[in-house]
Amino acid sequence: MKSPLRSYNLKQEETLALIRTVLEANMPYYSKVRIRCVAVKTENDATWHNALCLISPFPKGVLLEEKTNCKYDSVHLFEYWLNPENLKTYLDQITRNKLIVDKEQIRLDQQAKFNQYEYLPSNNNYSPYPGYLYSISRENINIPQEPLLAFDLPFYSNLYVAMQHWCDIKDFHGHADARTGSILLFLPECRARFERFTQIDNKLHIEVTLEKPKLLNLHLKGAWKYQETSSSFDIPIMQAAVAIDLPATAEEFEAYIIGPDETIYDYHREGRFRTIGQNRILKVLAKQDSNEAKVRTAIRMGEGESIEFKSEIKPGNPKQEELIETAIAFANTRGGTIFIGIDDHCVIKGIERELATIERKNELTQKQALEDYIGQIRQIIVGTISKPLPLEFASVVVDDHTILLLEIPIGENKPYAHKLKNAIYVRRGASNVFPDPDSELPQLYESIRKTDLSSGN
């Protein structure tokens with residue numbers, strides 16, 4: 001069954017037809033079209049290559065922020081504005097592999113085509129409005145690693161930071177972001193959208209904005225999901241606010257604004273570990289408050305003797321070895337917590353992408369994907385540490401991102417070692433180090449002697 005929210009590997013003619021349909025429906029509500037492009041060139045190459053380009057109309061009444069182009073030696077940050085009626089012509093030009101921004105031609109791969117789309121809810125990465133994100137398959141380019149530094153221009157520590165800031169993308173994943181080298185077209189859906197969700201007692205009040213007065217016969221459809229069952233709802237939208245019962249025990253919730261022609265105008269989804277759309281409204285699991293407080297305290301304190309951050313853990317990734325070494329070091333010292341989903345700069349990244357990959361690849365539910373992810377991490381550690389070590393896992397949603405907490409206790413059977421490397425680690429400050437052979441190592445082996453004495457061996 002074809003999903004109404006996303007489609008991949010389309011023919012360019014199909015994608016362009018969809019773009020024209022959305023443009024015709026929303027053209028009366030658009031004011032200006034902004035084009036932001038980050039272009040790079042390498043040494044001995046006078047041609048500009050597209051690192052990232054975002055094209056998006058602005059709805060009427062939304063403040064237009066104009067910027068001055070920034071031209072560094074090998075990087076240019078371009079901005080260009082169009083009238084909405086000229087957007088079709090501009091897109092036709094791109095389909096002929098010509099991207100011209102502020103009179104500068106940017107090289108495109110000859111195979112670049114608009115071939116996919118995704119429908120995003122309100123409050124997405126690109127706009128407060130819901131809308132369609134169309135994209136041209138990415139081009140592989142060399143990204144300069146140096147900072148962007150010029151006397152009279154803004155400073156960026158690297159090109160990825162510049163790309164996120166210049167293109168106004170809320171959530172960007174640096175060198176791992178698949179949008180690098182792409183052209184993105186975001187078309188806001190202005191006719192109807194969720195404005196806000198408000199919880200009052202046991203009711204959820206859903207405010208809806210209708211820009212087109214004659215847009216009638218819209219329905220609010222969705223469901224509450226529990227551990228073993230679910231309950232759905234279908235409510236005609238007769239006014240600007242709809243109130244529905246808010247179950248106390250629901251673990252997942254989804255809601256859609258849909259028209260009689262099957263057009264989806266906006267949607268909201270939230271589960272135990274992820275929320276997209278409006279602010280989260282479900283009550284969080286029992287340990288949420290204490291675990292959230294633990295996360296926020298750790299972020300304030302930073303990495304140390306009992307705190308370690310890992311942005312992600314994947315089998316075969318170098319971070320896997322760091323995870324094992326930290327678990328050993330914590331067990332050999334005073335114990336500690338590994339926070340997975342927070343990077344070295346104390347920035348919450350979440351593990352949603354890893355969970356979504358597992359969920360999609362293995363056709364699992366969100367809960368099953370998390371259990372699978374925890375199982376992989378448990379096996380990585382248990383299969384490598386020399387002695388059994390009890391591990392405790394907990395997940396918590398912080399700022400709409402899922403963080404995994406891995407509690408490592410003080411080991412009762414020190415020393416713990418890396419079986420493959422035959423190496424022992426202890427924790428010193430925020431580092432995993434080899435124990436001092438004259439002081440720390442004898443203390444670790446002393447615990448074995450005490451254990452033997454207490455057991456009568």
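Which residues of α2 are buried? They are Leu 87, Tyr 90, Leu 91, Gln 93, Ile 94 and Thr 95. Keep in mind as you explore that this is a predicted model. The points below walk you through an open sheet of 8 strands, a pair of packed helices, a hairpin and a few residues that deserve a look of their own.

**Helix α2 and what follows**

- Helix α2 is followed by Asn 97, a residue with a positive phi near 65 degrees.
- Asn 97 has this positive phi although it is not a glycine.
- You can find Asn 97 in the loop between α2 (87–95) and β6 (99–101).
- Is Asn 97 buried or exposed? Its relative accessible area is 13%, and the cut-off for buried is under 20%, so Asn 97 counts as buried.

**The open sheet**

- Eight is the number of strands to trace here: the 8 strands form an open sheet in the order β1-β8-β9-β10-β3-β2-β5-β4, and the pairing is mixed.
- At the edges sit β1 (6–7) and β4 (70–71), each of which pairs on one side only.
- Helix α1 (residues 12–26) packs on this sheet and touches β2 (30–40), β8 (114–120), β9 (131–136) and β10. The direction of α1 makes about 40 degrees with that of β8.
- Strand β3 (residues 49–59) pairs with strand β10 (residues 182–188) in the parallel sense, over 4 bridges.
- To see that pairing for yourself, look for Leu 52, which stands opposite Ser 182 in β10.
- Helix α3 (residues 159–166) lies across β2, β3, β4 and β5 (75–82). Relative to β2, helix α3 runs at about 175 degrees.
- As general background, strands of a sheet pair through backbone hydrogen bonds, either parallel or antiparallel.

**Strand β22 and its partners**

- Strand β22 is largely enclosed by the rest of the structure, because 7 of its 8 residues are buried.
- Strand β20 (residues 336–340) runs antiparallel to β22, and 5 bridges join the two. Here Thr 337 stands opposite Glu 407 in β22.
- Strand β21 (residues 392–398) is also antiparallel to β22, joined by 7 bridges. Phe 393 has Leu 406 in β22 as its bridge partner.
- β21 and β22 form a hairpin with 2 residues between them. In the turn, Asp 399 has a positive phi of about 55 degrees.
- Beyond β22 (401–408), the loop leading to β23 (417–418) contains Pro 415. A cis peptide bond joins Lys 414 and Pro 415, with omega at about 0 degrees.

**Two helices that pack together**

- How are two packed helices described? In general, by the angle between their axes and the distance between the axes.
- For α6 (residues 352–362) and α7 (residues 366–382), the angle is about 110 degrees and the axes are 9 Å apart.
- Helices α6 and α7 are therefore roughly perpendicular to each other.
- On the α6 side, Glu 354, Leu 355, Ile 358 and Glu 359 take part in the contact. They meet Gln 366, Ala 369, Leu 370, Asp 372, Tyr 373 and Gln 376 in α7.
- Sorted by class, the contact of α6 with α7 has 5 nonpolar, 2 polar and 3 charged residues.

**Tyr 265, a buried residue**

- Tyr 265 has its place in strand β17 (residues 264–270).
- Tyr 265 is buried, with a relative accessible area of 2%.
- Leaving aside neighbours within four places in sequence, the contacts of Tyr 265 include Tyr 119, Pro 130, Glu 189, Arg 191, Leu 215 and Ile 257.
- Tyr 265 and Glu 207 are 58 residues apart in sequence and 14 Å apart in space, C-alpha to C-alpha.

**An exposed loop residue**

- Asp 201 lies in the loop between β11 (192–200) and β12 (203–210).
- Although it is not a glycine, Asp 201 has a positive phi of about 55 degrees.
- Asp 201 is exposed, with a relative accessible area of 69%.

**Cysteines**

- How many disulfides does the structure hold? The count is 0.
- Cys 190 is in no disulfide, and the nearest cysteine sulfur, that of Cys 53, is 20 Å away.
- Cys 190 is buried at 2% relative accessible area, whereas Cys 346 counts as partly exposed at 25% relative accessibility.

Methods: Residues are numbered from 1 along each chain as its sequence is written. This is a predicted model: local features need pLDDT of at least 70, side-chain atom pairs count only at pLDDT 80 or more; totals for chains, interfaces and linings use all residues. Side-chain values use heavy atoms; hydrogens and water are left out. A disulfide is a pair of cysteine sulfur atoms within 2.5 Å. Buried means under 20% relative accessible area, exposed over 50%, partly exposed in between (1.4 Å probe, protein chains only). Axes are lines fitted to C-alpha atoms, for helices over the stretch in contact, and angles run from 0 to 180 degrees between N-to-C directions. Angles under 35 degrees count as roughly parallel, over 145 as roughly antiparallel, 65 to 115 as roughly perpendicular and the rest as oblique. Contact means heavy atoms within 4.5 Å. Ala, Val, Leu, Ile, Met, Phe, Trp, Tyr, Cys and Pro count as nonpolar, Asp, Glu, Lys and Arg as charged, and the others, Gly among them, as polar. Two strands pair if DSSP finds at least two bridges between them.
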